[in-house]
Each structure stands twice: as structure tokens, then as C-alpha cells.
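Reader: Hi! Could you walk me through this one while I have it open?
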Amino acid sequence: MSDTQPDVRLRDTLGAVPAYKAGKPAPPREDLVTYKISSNENPYPPLPSVLKTVQDAAGRMNRYPDMSVRELTEALAARWGVTPDEIATGTGSVGVLGSLVQITCNPGDEMVYAWRSFEAYPIVAALAGAKPVQVPLDSQARHNLNAMADAITDRTRLVIVCTPNNPTGPSVTEDELRGFLAKVPSDVLVVIDEAYLEFVEPDHQIDALAIYRDHPNVCVLRTFSKAYGLAGLRVGYCIAHEPVAEALRKAAVPFGVSDVAQQAALASLEAYDELQERVDALMTERARVAQALAEQGWKIPDSQANFVWLPLGDDAMAFAAAADQAGLVVRPFDGDGVRCSIGETEANDRLIEVCEEFLNR
């Protein structure tokens, strides 16, 4: 490696960009099976029909994909009762999120969101030179929407509501969200981030599309990475009113959504009844884990996603080390808590055991 340092001038704002800490893979061990429950992945392998579609599409990888992602755009529009002009796709919901910041925020503008929430939020804000405004969650690890409304200023251009919230799990109610939107200026774009939509219990669901139709400054962000099990193919989308969706398409990375990803997403939409069985099984496992932890004495938030949150504070790293010893890779947030994805039944059983041992240590 050369000792010579380049004179290239990089953007000053890079100094404010935090590093994204991805969940590390589970290292193989001879003494036991290890499990990765750190990244909120769907633990099930691809459906055979989806895998066959991917294999067929891979034979065309020498060709550029359709930059307009037309087939998937039309399928999503039909599924959600909107027009294709209201759909913008991208490389996972985080890719679309980056474009949302680009089209709304000039350097120095503000982006408001709850904290702790998705760790990509401060990254995409900093990359755009926007000022991240983090509003603490309430005592139940839920969005404090009243405080978020109070945090909006004349420099605010974008507000994100993550429901269910990653990494803590609770969702907002429809009444809460509508009351919040009544306080948001009409020129501020509000993003309803529903990456974990499919895991929400019926009595906790909101009608985000009805809210979207009632508010010209609202858009809805979704992904194929979680419930659909396409995390490795990177495809997400935004339902937005036409001027916003058009701007998103302009800001998108050309050819960002591969043909393989588009065809897999289309096949997954067609096979959703099969995927729903897997989602239901994960929700059942989530309830089982939550109940077991409650019986042990844990006080955890009401998760509506495919993970549970352990509010461990300064013990977060110690718990992660204990889990690692037991062959579980979890996602600790130093000084705050630990997020544990709902995975295979054996992984969930082991998590329950680790939690009991840690609580009684």
C-alpha cells in the first residue's frame, strides 16, 4: 500500500456521516449450529417458483434491465389501486429513501425523524448535507409524534415516520398519525416508512394508502427485503403523488433495479399467498418469544415487526457477547439495547434461553 496521501478534496459533510453497521454473519462452529438474527432477514429460503424465475432471469444478465422497471411498476400500481405514475422503484427502500432526501433537502435543510430508529436515516441526511433532527422515542419505545411536530421548523423539508419502528418494534396508530399530519405544514414531505408492514397484527394496522390519498404531502415507502425474502436482490418502492414520484425517478440510479430483482419481485407478488403462510408463522413465533420473555420478567416493547427489542442500555454489548457464546449473532446498539430478529424455531428457542440466563446472572 502506498504511503502517499492524495490531494483530492472530498466533501466536508462526509465527516458527519455515521457508518452503517450491518449485522455480521454467524461464524461456523463445530460444537453447535450458529444463527444470524441480527439483520431482520426472512429465515426461509426462496419459494421454488421465485427461485425458478430468478434462475431464468439470470440467463439474461448480459443485457441491461428495463430502466423504467415497467412490469413491476404496473403490477404494484394495480395491486395498490394507484396509477403507474405514482410508483417509483429503487435499490431497496433505503435506495429510494436516499433519493427522497436528494429531491427535498438542500444543504442546511432539516430532516426530522424519531430516535432511535432506522440507522440509515442519519446517513442519508448527512450525505445530502441536511441537518438530522432526532426526536427521542417515548418511554414505551414509540414515536412521540407531538414532539416531532414541535420539532418542525421553517427549515424542515422531510419528516419520516417509521411504523413499525426499527429497531424497537411498536407501530403508530391511525388516529395518532392523522393528528400529527394535521400539524405538519403542507410543504413538508412526510414519509411513512412501512418496511415491516406485513408483520403488523390486524388490530394495529393503519391504512397508509388512505392517509396518502388524503394528504398531498405524504408518501409511502415499502420494500421486498423483509416479508418477501428478497433482501439480497435490493428492490423497494415508494407510492407518491405524481410530482414527487417523477422527481424520484429522475434522482434514481439508472438501471439500479436489475432484471433479476424485478422478475423476483413480480414472482413474489404472484406467490403472496404462500409467502403469507411464512409471515403468519413468523408472527406466531414472535408472539411465543415475547410471551416467554415476559414470563421471565423482561419489559419489552410491543413489537409489530419481525424482531424483538431488549432495552438493555449499558448492558447491550454484554448481552451480545453472551448471545455470541451461545451461537447467536444479534444486533446490539451500544448504550441503548439489542434487536433480535425472529428466525428459525431453534434460534428463537436459544434466544429465550440466553435471555433467561442473562437476566438471572
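Author: Happy to. Helices (H or I, at least four residues) and strands (E, at least two) are DSSP runs, numbered from the N terminus. This is a predicted model, in which local features need pLDDT of at least 70, side-chain atom pairs count only at pLDDT 80 or more, and totals for chains, interfaces and linings use all residues. Residues are numbered from 1 along each chain as its sequence is written, and side-chain values use heavy atoms, with hydrogens and water left out.

Reader: Thanks! How many salt bridges does the structure hold?
Author: There are 18. A salt bridge here is a side-chain nitrogen of Lys or Arg within 4 Å of a carboxyl oxygen of Asp or Glu.

Reader: Let's take Asp-56. Which residue does Asp-56 form a salt bridge with?
Author: Lys-52 is the partner, and the closest N and O atoms are 2.9 Å apart.

Reader: And how are Asp-56 and Lys-52 separated in helix 1?
Author: By about one helical turn, because they sit four residues apart in helix 1 (residues 48-58). Asp-56 is partly exposed at 42% relative accessible area, and Lys-52 is partly exposed at 44%. For those words, buried means under 20% relative accessible area, exposed over 50%, and partly exposed in between (1.4 Å probe, protein chains only).

Reader: Which residue forms a salt bridge with Glu-194?
Author: Arg-222 does, with 2.8 Å between the closest N and O atoms. This pair links distant parts of the chain, 28 residues apart: Glu-194 is in the loop between strand 6 (189-193) and helix 7 (208-214), while Arg-222 is in strand 7 (residues 218-223).

Reader: Is Glu-194 buried or exposed?
Author: Glu-194 is buried, at 3% relative accessibility. Arg-222 counts as buried too, at 5%.

Reader: What about Arg-350 and Glu-346, where do they lie?
Author: Both are in helix 12 (residues 345-359), four residues apart, about one turn of the helix. Their side chains meet in a salt bridge at 3.3 Å, N to O. Arg-350 is buried, with 10% relative accessible area, whereas Glu-346 is partly exposed at 37%.

Reader: And which residues are linked in a network of salt bridges?
Author: Asp-109, Arg-155 and Arg-157 are linked that way.

Reader: New topic: cysteines. How many disulfides are there?
Author: Zero, where a disulfide would be a pair of cysteine sulfur atoms within 2.5 Å. Cys-219 is in no disulfide, and the nearest cysteine sulfur, in Cys-238, is 3.8 Å away. Cys-219 is buried, with a relative accessible area of 0%.

Reader: Why is there no bond between Cys-355 and Cys-340?
Author: Because their sulfurs are 5.9 Å apart, which is too far for a bond, and Cys-340 holds the cysteine sulfur closest to that of Cys-355. Cys-355 is buried as well, with a relative accessible area of 0%.

Reader: Now the backbone. Where is there a cis peptide bond?
Author: One is from Thr-163 to Pro-164, with omega near -5 degrees. Another joins Asn-166 and Pro-167, where omega is about 20 degrees. Pro-164 is found in the loop between strand 5 (156-162) and helix 6 (174-181), and Pro-167 is in the loop between strand 5 and helix 6 as well.

Reader: Which residue other than glycine has a positive phi?
Author: Val-69 is one of them, with phi near 50 degrees. Val-69 sits in the loop between helix 1 and helix 2 (70-80) and is buried, with a relative accessible area of 4%. Ala-141 has a positive phi too, near 65 degrees. Ala-141 is in the loop between strand 4 and helix 5 (145-150) and is buried at 12%.

Reader: Last one: how far apart are Val-135 and Asn-106?
Author: In sequence they are 29 residues apart, and in space 21 Å, C-alpha to C-alpha. Val-135 is in strand 4 (residues 131-136) and is buried, with a relative accessible area of 6%.
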